[in-house]
Amino acid sequence: MGAAVLLKQFESMLGEPFDWQSRPEPERAPSGIAEIDSAIGGLPRGCLTEIVGPASSGRTSLLLGLLAAATARQEACALVDAEDAFSPHSAAEAGVQLGRLLWVRCGHSAEHALKAADLLIQGGGFGLVVMDLGDTPPATARRISLASWFRLRRAVEHTPAMLVSLARQSNARTCASLVIECGRKAATWSGARSVSRLLRSIEVRAQSTHRRKQCSPVFTARAI
Amino acid sequence: MFACLHGTGNLTALAMEFSPIVEATGPDTVTFDVSGLDRIFGLPQDVAAAIARRAREVGVKANLALAGNPDAAICAARGFRGVSLIPQGDEGKFLAPLPLGLLSPAPQLLETLERWGIRRFHEMAALPPLGIAERLGPEGLRLRELARGEGDRKMLPIAEALHFEDEIELDYPVELLEPLAFLLARLINGLATRLATRALATDELRLRLKLETGGAHERCLRLPVPSLDTRAFLKLLQLDLEANPPAAPIVHLWMGVNPVKPQAAQSGLFVPAAPEPVKLELTLARIRAFVGEGRVGTPELLDTHRPDAFRMQKGTAASGKPQCKNASVPFMALRIFRPRRAARVALASGQPSFVMADGVRGKVLDLAGPWRTSGDWWTLDAWQRDEWDIALSDGALYRIYCEPAGWFVEGSYD
């Protein structure tokens, strides 16, 4: 008996055509930013998510929101910092529980960052693993082979961990399940120049594709 | 067969030389189990002679008695001088002339017995048990049993001090770490087995290597939780020795572990999974091997106003206490440039108008500042700075500052 006949018999028993190809939708965890959660439903677990954008585009603010939400859920988080750019003071202000954050300072080496992220994912137990390549020159980040990204994706698959890569441009290409492209819409200043002027906040547009639909939620990251 | 020493000197140490089961019966009395020593020394009198000889050698002045039960041995050692050997079954006859005071009865009971004219063991042993039970109760019956040399109680041995140490003397010096790993595995496995048999684990592993040059190389590994994972211990030691290799070939290895109770904890059903402590320690050791010591850990803010003041804690990422901070509003992050980037800043009306640094270059489009801060002026490490938040024509927002050493870009807002 052929496979096609068996499939037809099985479908006739079920009463409706069965989708054999599609994989189950991954579980999504809140990102900590209401606008993003309402638009894309949070970040997928067991997948690689890329947050990309130029300097001052609000990608690190989004990342701190993610870390704050994950640590508030009592999850252990790891930040692999390729360029040693993480500010613990900023993170504490954003609500990140530093006691639940493991910070790996790679001292300007993307290769070390990749290796450390791989070890941490293989070790297991983390709810969120972030690889911060935000200040890594695009040429260096592009040199990370697709095979390495594929290895990371495979390592995080079927685990409850979220793997997030932050960079200036998308590097993982098809290995990433979700790409959030950040762009600064506006910066808000208050007060008269040279008197009491303050940098108040930035408005960030986070473009992404969710269920084959383009969405671009806007959130505000406040400075004070 | 039991032996009892009653006298002065280090009685416990002497008894320990002959038996692992030693009871500290009193400040001047120890009792120990000598069953099985006949296989080494021969007859009981030979065992007694060996103990007496050793006592003389170590300077112990004590009466020695050997009997079939510990209580008879104690009574004999306390009552007779020199070495007493009580034949099995003749305890009552042997102890008969001893005074009842040796059994330390309660003063009221002793007074009653005195009034009855019962002063010796044989007089007490001859009393009918039913009558004693009626008139003196269980304490009287116990005294009669001891007087007849029929005591049958369990000894309360001294707990042996646990030392988990092992060493290997090498015939030839070992230079490479790979062959050393086999020796380390042998030591670790042996110690772990000894710990496991006592239902213990360890949270500290000490390694002392004697070098060919005469020096010593010492390492100490501390684990966040007690464990018995020998593979993890070996890998941690290997990574540690790779990072801190001994200066010369090794001729002697000594290893000691700290015995502690294993940690028994059950995580809740709804508690998020955390990294397994020993596995995490191993992962961190592997990461430390290539990123460097002190570059992996949990950041801890310091209690100071000095900008970017923090220290790295070696603790794991699952040890944080819950905080009640509102994390729902996104906060604008600052990305720090480490090391700080020296900048050349053009001023117009006392305010930055053009900034140039490594990777940063542009005309100042908007700015806020200066914000003047200073601190630690009461110490030698004083600091002061004027900060500006600037929007540059390259599209990014930066924090720059001016201090006596010049202008610097601290980082970018992102």
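This report walks through a predicted model of two chains, A and B, from their interface to their cores and sheets.

**Chain A at a glance**

Let us start with chain A, which has seven helices and 11 strands. Measured out along the principal axes, the C-alpha atoms of chain A fill a box of roughly 85 × 35 × 35 Å. Of the 224 residues in chain A, 51% are buried. Sequence-distant contacts are well represented: taking the contacts in chain A between residues at least 6 apart in sequence, 69% join residues at least 24 apart.

**Where the chains meet**

The interface brings 70 residues of chain A into contact with 55 residues of chain B. On the chain A side, the elements that each supply at least two residues include helix H3 (59–72), helix H5 (110–123), strand S8 (178–190) and strand S9 (198–210). H3(A) gives the most to this side, with nine residues. By residue class, the side of chain A that touches chain B divides into 34 nonpolar, 25 polar and 11 charged residues.

The two chains also share strand pairing. S5(A) runs antiparallel to strand S10 (residues 296–301) of chain B, and two bridges join the pair. Here Val104(A) has Val296(B) as its bridge partner.

Val104(A) is worth a second look. Leaving aside neighbours within four places in sequence, Val104(A) is in contact with Ala78(A), Leu79(A), Val80(A), Asp81(A) and Ala116(A) in its own chain, and with Ile287(B), Val291(B) and Val296(B) across the interface.

**Two nonpolar cores**

In soluble globular proteins, nonpolar side chains tend to be buried together. In this model the largest nonpolar core has 125 residues, and Val104(A) appears again among those with the most contacts inside it, alongside Leu67(A), Val80(A), Leu128(A) and Ile400(B). H3(A) gives the most to this core, with nine residues. Chain B takes part too: domain 2 (165–260) and domain 3 (334–413) of chain B each provide at least three residues of this core. A second, separate core has 39 residues, including Leu5(B), Leu14(B), Ala72(B) and Ala147(B).

**Chain B and its domains**

Chain B is divided into domain 1 (2–147), domain 2 (165–260) and domain 3 (334–413). The C-alpha centres of domain 1 and domain 2 of chain B lie 47 Å apart.

One helix to look at in chain B is H4 (residues 70–79), which is mostly covered, with nine of its 10 residues buried. Its buried residues include Asp71(B) and Arg78(B) as well as Ala72(B), Ile74(B) and Cys75(B).

**The five-stranded sheet**

Five strands of chain B form an open sheet with mixed pairing, in the order S2-S3-S1-S4-S5. Strand S2 (22–26) and strand S5 (83–85) of chain B are the edge strands, each pairing on one side only. On average, neighbouring strands of this sheet are turned by 15° against each other, direction ignored. Inside the sheet, strand S1 (residues 2–8) and strand S3 (residues 29–33) of chain B run antiparallel and are joined by five bridges. Cys4(B) has Thr31(B) in S3(B) as its bridge partner.

Two helices lie across these strands. Helix H1 (residues 11–18) of chain B crosses S1, S2, S3 and strand S4 (61–67), running at about 5° to S3(B). Helix H3 (residues 44–58) of chain B lies across S1, S4 and S5, at about 165° to S4(B).

**The four-stranded sheet**

Another open sheet in chain B has four strands in the order S6-S9-S7-S8, with antiparallel pairing. Its edge strands are S6 and strand S8 (216–227) of chain B, each pairing on one side only. The twist averages 15° from one strand to the next. Helix H9 (residues 177–197) of chain B packs on the sheet and touches S6, S7 and S9, its direction making about 30° with that of S9(B).

Two of the antiparallel pairings around S9(B) are set out here.

| Strand pair | Bridges |
|---|---|
| S6(B) (residues 165–174) and S9(B) (residues 250–260) | six bridges |
| S7(B) (residues 201–211) and S9(B) | nine bridges |

Looking at single residues, Ile168(B) has Leu253(B) in S9(B) as its bridge partner, while Glu169(B) is matched with His252(B). From S7(B), Leu211(B) stands opposite Ile250(B) in S9(B).

Terms used: Residues numbered from 1 in each chain as written. Chains lettered and ligands numbered in written order. Predicted model: local features only at pLDDT ≥ 70, side-chain atom pairs only at ≥ 80, totals over all residues. Buried ≥ 20, exposed ≤ 12 C-beta atoms within 10 Å, placed from the backbone. Contact = placed C-beta atoms within 7 Å. Nonpolar A, V, L, I, M, F, W, Y, C, P; charged D, E, K, R; others polar. Pairing = 2+ DSSP bridges. Core = buried A, V, L, I, M, F, W, Y, C linked by C-beta atoms within 7 Å. Domains from an automatic or database assignment. Axes fitted to C-alpha atoms, helices over the stretch in contact; angles between N-to-C directions.
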